[in-house]
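Hi,

Here's the structure I said I'd pass on. Have a look at it first, and then read on for what turned up.

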Amino acid sequence: MSSLSEILRDITLIFEGFDDSRREAKQLIKQIAQIDDVSFITNPDDTLSEQQILNIKDAASKRVQGVPLSRIMGKREFWGLEFALSAATLDPRPDTETLVEAALKFAKTNFNNKSHHRRGCDDGAPFRILDLGTGTGCVLIALLSELPSAVGYSVDYSFEATQTARLNAKSNNVGDRFHIIQGSWMEALKPYSFDLIVSNPPYIEESNIEDLMPEVKNHDPILALSGGESGLDCYEQIIFDLKTHLNPHAHAFLEIGKGQLESLTRLSEESSLSVCDSVADLSGILRVVEICRGDK
């Protein structure tokens with residue numbers, strides 16, 4: 001049997017060449033052995049069971065073969081919250097927090113914080129958010145965690161994804177305000193309108209899928225990555241129906257890929273909508289477009 005410090009040393013060596021081998025080794029050991037950070041400091045000589053060591057080494061072997069740590073652990077942190085993953089869901093990326101930040105800024109500006117209802121609304125209706133292609137539900141759940149009286153609706157084509165998102169909503173204490181429908185984009189919706197619409201749709205060009213990092217192309221579902229030949233297939237479907245479901249003063253926020261702003265502007269204008277702003281991520285890449293009604 002090995003001590004905690006010894007197994008940390010061994011796994012760190014196995015992960016040699018990773019950007020932060022010690023951090024990844026510690027994360028993996030914590031998850032598999034069900035221990036916390038304090039144990040590495042206060043109890044480094046504690047011994048692990050033979051089964052724990054076998055499980056840790058098996059997981060480490062998968063990681064070396066290219067399986068993302070989040071897939072091995074079955075979960076990912078996003079917006080300070082924990083999300084379960086499944087084979088049908090995209091692994092949430094830090095870049096997507098830019099989408100949450102932009103949408104949240106709009107929501108707080110247009111949200112009556114005193115009454116927790118839509119600003120200027122006399123019927124007492126709650127602020128309604130729609131998330132298209134929700135996956136793990138991370139974007140909508142993050143927004144609901146920040147807007148405690150808002151109500152969220154989400155759509156995903158995959159039944160497995162809807163089950164994962166529902167589980168994540170419950171575990172993050174927003175399950176009573178999180179509603180999900182299985183279907184294709186807005187075809188699944190009744191003629192409801194919303195105060196905020198968000199989406200991180202598939203936007204990678206088919207020809208570029210093979211150029212993605214192995215951790216992405218080999219482990220994220222292709223359905224959640226490929227935007228068709230041009231990368232715009234999903235945007236075309238979303239934007240075509242967007243105006244029908246936007247309240248007069250509502251805005252939509254869509255995550256986009258590098259160099260897609262011009263195409264999104266054109267698609268919006270063709271649907272009598274306007275790109276009213278765009279937001280860059282921490283790398284300086286335009287990551288989010290803000291779309292509003294183009295009514296004159």
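Below is a short tour, starting with confidence and then going through the helices, the hairpin and the sheet.

One thing to keep in mind is that this is a predicted model. Confidence for the protein chain averages a pLDDT of 91, and 95% of the residues score at least 70. The stretch to watch is residues 113-122, where pLDDT is below 50. That stretch still has 21 contacts in the model beyond near neighbours in sequence. Where pLDDT is low, the predicted coordinates should not be read in detail.

Now for the helices. Two packed helices are described by the angle between their axes and the distance between the axes. Take helix α2 (residues 21-33) and helix α4 (residues 50-64): their axes come within 10 Å and cross at roughly 135°. The two are therefore oblique to each other, and α2 passes α4 in a right-handed crossing. On the α2 side, the residues involved are E24, L28, I29, I32 and A33, and they meet Q52, N55, I56, A59, A60 and R63 of α4. Sorted by class, this contact has seven nonpolar, two polar and two charged residues.

Next, the hairpin. Strand β1 (residues 75-78) pairs with strand β2 (residues 81-84) in the antiparallel sense, over four bridges. If you want a pair to look up, F78 has L81 in β2 as its bridge partner. Two residues sit between the strands of this hairpin, and W79 in the turn has a positive phi of about 55°.

What does W79 touch, apart from its neighbours within four places in sequence? The answer is E97, V100, E101, L104, A142, S145 and E146. Two of those names, V100 and L104, come up again in helix α6, while A142 and E146 come up again in helix α7. As for G294, 215 residues away from W79 along the chain, the C-alpha atoms of the two are separated by 32 Å.

That brings us to α6 (residues 97-109) and α7 (residues 138-146). They pack at an angle of about 40°, with their axes 10 Å apart. They are therefore oblique to each other, and α6 passes α7 in a right-handed crossing. Here L99, V100, A103, L104 and K108 from α6 meet V139, A142, L143 and E146 from α7. By class, the contact divides into seven nonpolar, no polar and two charged residues.

Last comes the sheet. It is open and has seven strands in the order β7-β6-β5-β8-β9-β11-β10, with mixed pairing. At the edges stand β7 (178-182) and β10 (273-280), each with a single partner strand, so one side of each is left without a neighbour in the sheet. On average, neighbouring strands are turned by 20° against each other, direction ignored.

Further in, strand β8 (residues 194-199) and strand β9 (residues 246-255) run parallel and are joined by five bridges. Within that pairing, L196 stands opposite H251 in β9.

Which strands does α6 lie across? They are β8, β9, β10 and β11 (286-293), and α6 runs at about 165° to β9. Helix α11 (residues 261-270) packs on the sheet as well, touching β9, β10 and β11. The direction of α11 makes about 160° with that of β10.

Happy browsing!

Note on methods: Residues are numbered from 1 along each chain as its sequence is written. This is a predicted model: local features need pLDDT of at least 70, side-chain atom pairs count only at pLDDT 80 or more; totals for chains, interfaces and linings use all residues. Side-chain values use heavy atoms; hydrogens and water are left out. Axes are lines fitted to C-alpha atoms, for helices over the stretch in contact, and angles run from 0 to 180 degrees between N-to-C directions. Angles under 35 degrees count as roughly parallel, over 145 as roughly antiparallel, 65 to 115 as roughly perpendicular and the rest as oblique. A crossing is left-handed if the near helix is turned anticlockwise from the far one by less than a right angle, and right-handed if clockwise. Contact means heavy atoms within 4.5 Å. Ala, Val, Leu, Ile, Met, Phe, Trp, Tyr, Cys and Pro count as nonpolar, Asp, Glu, Lys and Arg as charged, and the others, Gly among them, as polar. pLDDT is the predictor's confidence in each residue, from 0 to 100. Two strands pair if DSSP finds at least two bridges between them.
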